[in-house]
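Here is a short report for someone meeting this structure for the first time. Keep the 3D view open while reading.

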Amino acid sequence: MSEANQYDVLIVGGGIVGLTLACALGDTRFKVGIIDAYEPGDVSKDDAYELRVSAISRASQQVFQNLNAWQGMQTRRISPFEHMHVWDSTGSGVIHFDAAELGVDALGHIIENKVVQAALLEQLKLLNNIEWICPAQVEDINYQAEQSSVTLSDGKELTTRLLVGADGANSRVREAAGISIDKAPYDQKGVVCVVKSTKHHQLTAWQRFLPTGPLAFLPLGDGSCSIVWSATSDEADRLVGLDEETFSRELEQAFEYTLGAVESIGARAAFSLIRRHATNYVLPGLALIGDAAHTIHPLAGQGANLGILDAASLAQVLVEADQQKQSFSSHAILRKFERWRRGENTIMMYSMSGFKNLFSNEQSLLSSFRNFGLNLVNSIGPVKHKFMRHAMGLEGDLPDIAKTVGV
Ligand SMILES: Cc1cc2nc3c(=O)[nH]c(=O)nc-3n(C[C@H](O)[C@H](O)[C@H](O)COP(=O)(O)OP(=O)(O)OC[C@H]3O[C@@H](n4cnc5c(N)ncnc54)[C@H](O)[C@@H]3O)c2cc1C
């Protein structure tokens, strides 16, 4: 095999998470390859907003700033939100977060996944030790502890000391390594679309908890909102099948006309919401990150953020091992990454399931309890401050490149 096809780290999947890892390994001693089946394409200011957006936390923003990719996102388009307003449809419970209370300009940003990818890719192409292998479909994976190989659909074979699965929820890498997943459907789908309402969103990320699931309006730069309406699978399919006029009327009603009437809506799509957690994140010579390792309910907008922190943490563990002349692909080193991230991800996954169950329960005692709890958190400064830091991704054991100062 020619040396050109041999890598230290080979990442399958060039979504947000795989690209973050590749950039974080830039300018290191590692020879890195990153494979994706599709070029993500770019976004121009006049394009309609994409359906897939993410609420990018302050911690993820910090990662992108350290990777010099944040500016590329700013020059394309990002939408800051200064407030978060969450309320319960079955009572008086309300919680309101305000960036000014923390002395910051924004709690986070709503960014199209395509914008994140384009800016990371732009940065990646400046890095000499990283090779972007795209478009390239992975045909076959032969996982071995010492050296794995990946065969592409054009017959080319690539070998690597460390194989990283960043290939999403239905990860081929995970399957090839024989890693199983704990899977629990939330029995919900998330309906997404871009809507324009008569009232401006006021730079606020809104979320109303309905008995059937949360409904979020996320602010976009042109005054429109990206919505995520979680509902039972049957209800979500019905919502997607409605004509525009009926959908708009049901949407504004479900949102209590908070932003007035819905004036126009874009294309709609529904995603199945499934909690998945891989039983292992690592094996000798192999690691899983992002959706390949875990998927969670989108109600707190954390899926991509957790994956970005996985990527930054794995890069830190690999670089530190290499600096200490240890074998970066050994099980002992990779276990450091797994212990670190599994704990953080598990806390988030179970809090999301707990929230979802608490808010989808109409039992009056539970309903009174959550309304009381929301109002209590809202009124006690230090508790609220802690909640805000969680929402901004600033709590927990963060990798170095995600740490911010002064918040
Ligand atoms: C409705 C909804 C709303 C969400 N909102 C938010 C939010 O507000 N905030 C947030 O943080 N998260 C959110 N998420 C979650 C977030 O979208 C995902 O967690 C995130 O995109 C996962 O990124 P990833 O890079 O791990 O995987 P993916 O985005 O799935 O990327 C995997 C990549 O691997 C490539 N690939 C896969 N298989 C192969 C193969 N065989 N050969 C070559 N390439 C391959 C694919 O082409 C793809 O580019 C939301 C999710 C949903 C469903």
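## Contacts with the ligand

In this predicted model, a polar backbone atom of V17 lies 3.2 Å from an oxygen atom of the ligand. I16 has a polar backbone atom 3.4 Å from a ligand oxygen atom. A55 also takes part: one of its polar backbone atoms is 2.9 Å from an oxygen atom of the ligand. On its own, the ligand has 1,000 Å² of accessible area, and the protein covers 84% of that.

Which elements give two or more residues to the shell around the ligand? They are α1, β3 (53–57) and α8. The ligand has 28 residues around it. D36, R52, A55, D291 and A304 come nearest. So A55 appears twice in this account: its backbone makes the 2.9 Å approach, and A55 is among the nearest residues.

## Make-up of the ligand shell

Sort the shell by class. It holds 13 nonpolar residues, 11 polar residues and four charged ones.

## The second largest pocket

The second largest pocket holds about 290 Å³ of space. Two elements give two or more residues to its lining: α1 (16–24) and α8 (303–323). Of the elements, α8 gives the most, with four residues. Both α1 and α8 are also named for the shell around the ligand.

The lining of this pocket has 16 residues. Nearest its centre lie C23, A24, G26, N66 and L67. By class, the lining divides into nine nonpolar, five polar and two charged residues.

## Overall form

How many helices and strands does the protein have? The secondary structure comes to 11 helices and 20 strands. The C-alpha trace spans about 65 × 45 × 40 Å along its principal axes.

The protein has 407 residues. A compact globule with that many residues would have a radius of gyration near 22 Å. The protein has 21 Å, which agrees.

## Two backbone details

Look next at the peptide bond between C134 and P135. This bond is cis, with omega at about 0 degrees. P135 sits in the loop between β8 (130–133) and β9 (138–142).

The other detail is at D187. This residue is not a glycine, yet its phi is positive, at about 55 degrees. D187 is placed in strand β12, which covers residues 181–197.

Methods:
Residues numbered from 1 in each chain as written. Predicted model: local features only at pLDDT ≥ 70, side-chain atom pairs only at ≥ 80, totals over all residues. Heavy atoms only, no water. 1 Å grid on protein atoms, 1.4 Å probe; cavity = no way out; pocket = protein on both sides within 12 Å on 5 of 7 lines; lining within 4 Å. Points joined across faces, edges and corners; volume = space filled by probe spheres on them. Nonpolar A, V, L, I, M, F, W, Y, C, P; charged D, E, K, R; others polar. Near = heavy atom within 4 Å. Polar contact = N/O pair within 3.5 Å; in protein donor to acceptor, adjacent residues only side chain to side chain. Areas by Shrake-Rupley, 256 points an atom, 1.4 Å probe, with all protein chains shown as cover. Rg over C-alpha atoms; globule rule 2.2 N^0.38 Å.
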